[in-house]
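Biologist: I should like to learn how the features of a structural model are read. May we look at one together?

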Amino acid sequence: MGILKDGDEVIVPANTYIASILAITENGLKPVLVEPDPYSYNLCPEKTRAAITANTKVILAVHLYGLLAPMPDIMSLAMEYNLLVVEDSAQAHGAQINSKKAGSWGHAAGFSFYPGKNLGALGDAGAVTTNNDELARTIRALGNYGSHVKYENLYQGVNSRLDELQAALLRVKLKYLDREIMRRREIAAAYRCSIRNSLIFQPLPSTTAYIPEAHVFHLYVIQLENREHFLDYLGANGIGSMIHYPIPPHKQQAYQKKLPANFPITESIHRRVLSLPISPTMTDCQVEQVIKVCNEYHSKLDG
């Protein structure tokens, strides 16, 4: 479509998963990393505004852990500066603000249907949403070797078609997405209410954190010091947990000397976060066991 050119700047949160950054650099664009809101982990409108330059063309809003970024503020900024907005909605299927869902705010959005996502396929899969007909046609062609018509290639595309079997499965699973989101929220509420607050839970106060519909809890993330000790304690007591994500993009070897290196808020987050189990398949007994083990750990710290 010719809207962007090599070297155009894309504002993106520094604490996202590396896939967000790869999408920028793979297209010859320049990622401009900004520190996140330390409470929501998502883009901070004030820091985003401060990062805008004459070369800024896009804001890439990442809905991290299932919490919508502050999209009303981001869209207002984009309108003020005539910027495009792309949503990384890989973790936020069904999240919404004012009845407007993830993937419908910006000019385009990317969704992941990786099996572990809230709406997951049997294998790798994904989709792009947009209300721009021309962009939709271009994206379809790019995912089909750059071709609209068999053996006629308009672009240097790739093979990135959604397999029909995965699409059929996703159509069935989509019917149950809202119910599964409600179960995730029930588990998150139980954790918030019952686990002692020496562990710092996400989200804390922010623009979107007080909007229940804005969070679909793809992950339930806490922060704490000495997380390795807690991780070992959980494992020893039969509780699975993970770190999302231990190394921020600007610290990865892939971007060594290619990205700025000073993001203390981001580095603090990546050093302290840990994800507790959350899944719509969890039973009440399993949720209670997670709470019990977390509180036992808290008691041992007090003792």
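Biologist: Is Arg 272 buried or exposed?

Modeller: Please note at the outset that this is a predicted model. A residue counts as buried under 20% relative accessible area and as exposed over 50%. Arg 272 has a relative accessible area of 12%, and therefore it is buried.

Biologist: With which residue does Arg 272 form a salt bridge?

Modeller: The general idea comes first. Side chains of opposite charge can pair when their charged atoms come close. Here the partner of Arg 272 is Glu 225, and the closest N and O atoms are 2.3 Å apart. Glu 225 belongs to the loop between β12 (220-223) and α7 (227-236), whereas Arg 272 belongs to helix α8 (residues 264-272), so this pair ties together parts that are 47 residues apart in sequence. Unlike its buried partner, Glu 225 counts as exposed, at 53% relative accessibility.

Biologist: How many salt bridges does the structure hold?

Modeller: The structure holds nine. One of them joins the side chains of Arg 49 and Glu 80, at 3.0 Å from N to O. Because Arg 49 lies in helix α2 (residues 45-51) and Glu 80 in helix α3 (residues 71-81), the pair ties together parts that are 31 residues apart in sequence. Arg 49 counts as partly exposed at 38% relative accessibility, and Glu 80 counts as partly exposed at 48%.

Biologist: What separates Glu 296 and Lys 292 in helix α9?

Modeller: These two residues are four apart in helix α9 (residues 284-302), which means that about one helical turn separates them. Their side chains meet in a salt bridge of 2.8 Å, N to O. Glu 296 is partly exposed, with a relative accessible area of 27%, and Lys 292 is partly exposed as well, at 43%. Elsewhere, Arg 183, Glu 186 and Asp 284 are joined into one network by salt bridges that share partners.

Biologist: How is empty space found, and what is the volume of the second largest pocket?

Modeller: Rolling a probe the size of a water molecule over the atoms shows where empty space is left. In this model, the second largest pocket holds about 330 Å³ of space. Its lining has 16 residues, and the closest to its centre are His 93, Phe 113, Leu 119, Leu 174 and Leu 177. Two or more lining residues come from each of β8 (126-129), α5 (164-174) and α6 (177-194). Helix α5 gives the largest share, four residues. By character, the lining divides into ten nonpolar, three polar and three charged residues.

Biologist: Which residues make the nonpolar surface patch of about 260 Å²?

Modeller: Leu 142, Leu 154 and Tyr 155 make that patch. Tyr 155 sits in the loop between β10 (152-153) and α5, and it is partly exposed, with a relative accessible area of 31%.

Biologist: Which backbone features deserve a look?

Modeller: Two kinds may be read from the torsion angles. As for omega, the peptide bond from His 244 to Tyr 245 is cis, with a value near 5 degrees; Tyr 245 is placed in the loop between α7 and α8. As for phi, Tyr 151 is not a glycine, yet its phi is positive, about 70 degrees. Tyr 151 is in the loop between β9 (147-149) and β10, and it counts as exposed at 71% relative accessibility. Asn 226 also has a positive phi, near 55 degrees. Asn 226 is found in the loop between β12 and α7 and is partly exposed, with a relative accessible area of 48%.

How values were computed: Residues are numbered from 1 along each chain as its sequence is written. This is a predicted model: local features need pLDDT of at least 70, side-chain atom pairs count only at pLDDT 80 or more; totals for chains, interfaces and linings use all residues. Side-chain values use heavy atoms; hydrogens and water are left out. On a 1 Å grid over the protein atoms alone, a cavity is a set of points where a 1.4 Å probe fits but cannot get out, and a pocket is an open set with protein on both sides within 12 Å along at least five of seven lines; lining residues have an atom within 4 Å of a point. Grid points are joined across faces, edges and corners, and a volume is the space filled by probe spheres set on the points. Ala, Val, Leu, Ile, Met, Phe, Trp, Tyr, Cys and Pro count as nonpolar, Asp, Glu, Lys and Arg as charged, and the others, Gly among them, as polar. Patches are made of residues with over 30% relative accessible area and no salt bridge: like charges are joined within 9 Å, nonpolar side chains (Val, Leu, Ile, Met, Phe, Trp, Tyr) within 5 Å. Accessible areas come from the Shrake-Rupley method with a 1.4 Å probe; for residues, only the protein chains shown count as cover. A salt bridge is a side-chain nitrogen of Lys or Arg within 4 Å of a carboxyl oxygen of Asp or Glu. Buried means under 20% relative accessible area, exposed over 50%, partly exposed in between (1.4 Å probe, protein chains only).
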